[in-house]
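Welcome! Below is a protein chain to explore together, one piece at a time. Keep the sequence and the 3D view side by side as you read.

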Amino acid sequence: MNKITTRTAIIFIDQKGILHMEMIAGAEIDYEDAVDNGIVIKRLIGESKALKLIDSRVSWSINKKARAFVKEIDSKQTIARAVLTQTSLSSMLNNFFSQLGKNNVPVKFFSNYEAACDWLLTFKD
């Protein structure tokens, strides 16, 4: 498994074909970081789309310009996204609020790693 570390995340594809993005504690993602992470993901997945597991159980932030960039490229790279959070209460609240917004790909929040992977694998061809 080839893990690539950027200034803000550790990114790799596991044996099941899930792309993991483990956020680095205290990371403050700016536009350049978002572009860097996007390039790493593109190098790992090529022209295909990926099942993404975002491990955000640590504290991190992303600025407005970076968020806009990620939103722009995300649907081109993503089949479905699972986001790991600290607690099940956080997951429930995030799932509720994510249903109110428009998502181009299926998104679900989890506090359990295995449950997140199992859910992502339901989207695998």
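Let's begin with a single pair of residues: phenylalanine 12 has histidine 20 as its bridge partner in strand 3. Before going further, please keep in mind that this is a predicted model. The mean pLDDT of the chain is 87, and 86% of the residues reach a score of at least 70. Among the elements, strand 2 has the highest mean pLDDT (98), while helix 3 (residues 88–100) has the lowest (48).

**The sheet**

How do the strands line up? Six strands make an open sheet with mixed pairing, in the order 1-2-3-5-7-8. Strand 1 and strand 8 are at the edges and have a single partner strand each, so one side of each has no neighbour in the sheet.

Now walk across the sheet with this table, which lists pairs of strands, the sense of their pairing and the number of bridges.

| Strands | Sense | Bridges |
|---|---|---|
| Strand 2 and strand 3 | antiparallel | five bridges |
| Strand 3 and strand 5 | parallel | five bridges |
| Strand 5 and strand 7 | parallel | six bridges |
| Strand 7 and strand 8 (residues 107–110) | parallel | four bridges |

Try finding some of the partners yourself. Isoleucine 11 is another residue with a bridge partner in strand 3, namely methionine 21. Strand 2 and strand 3 form a hairpin with four residues between the strands, and there glycine 17 takes a positive phi near 90°.

Moving on, aspartate 55 in strand 5 is a handy landmark: glutamate 22 stands opposite aspartate 55, and leucine 84 of strand 7 is the bridge partner of aspartate 55. One step further across, valine 83 stands opposite phenylalanine 109 in strand 8.

Is strand 3 enclosed or open to the outside? Five of its six residues are buried, so strand 3 is largely enclosed by the rest of the structure. Strand 7 (residues 78–84) gives a similar picture: because six of its seven residues are buried, strand 7 too is largely enclosed by the rest of the structure.

**Helix 1**

Next, look at helix 1, which has 15 residues (residues 31–45). Does its length agree or disagree with what 1.5 Å a residue would give? The expected span is 21 Å, and the end C-alpha atoms are 21 Å apart, which agrees.

Which residues of helix 1 are buried? They are Asp33, Ala34, Asn37, Gly38, Val40, Ile41 and Ile45. These residues cover an arc of only 160° around the axis, which means that they sit on the same side of helix 1. A general rule helps here: an α-helix has 3.6 residues a turn, so residues three or four places apart point the same way. On the other side of helix 1, Glu32, Ile39 and Arg43 are exposed.

What covers the buried residues of helix 1? The cover includes strand 1 (4–5), strand 2 (9–13), strand 3 (18–23), strand 4 (28–29), strand 5 (50–55) and helix 2 (64–77).

Finally, check the two ends of helix 1. At the N-terminal end, aspartate 30 acts as a cap, with a side-chain oxygen 3.2 Å from the backbone nitrogen of glutamate 32. Just after helix 1 comes glycine 46, with a positive phi of about 65°.

Key
Residues numbered from 1 in each chain as written. Predicted model: local features only at pLDDT ≥ 70, side-chain atom pairs only at ≥ 80, totals over all residues. Heavy atoms only, no water. Helix = DSSP H or I, 4+ residues; strand = E, 2+ residues; numbered from the N terminus. Expected span 1.5 Å × (residues − 1). Buried < 20%, exposed > 50% of the residue type's maximum accessible area, 1.4 Å probe, protein only. Arc of directions from axis to C-beta. Contact = heavy atoms within 4.5 Å. Polar contact = N/O pair within 3.5 Å; in protein donor to acceptor, adjacent residues only side chain to side chain. Pairing = 2+ DSSP bridges. pLDDT = per-residue confidence, 0-100.
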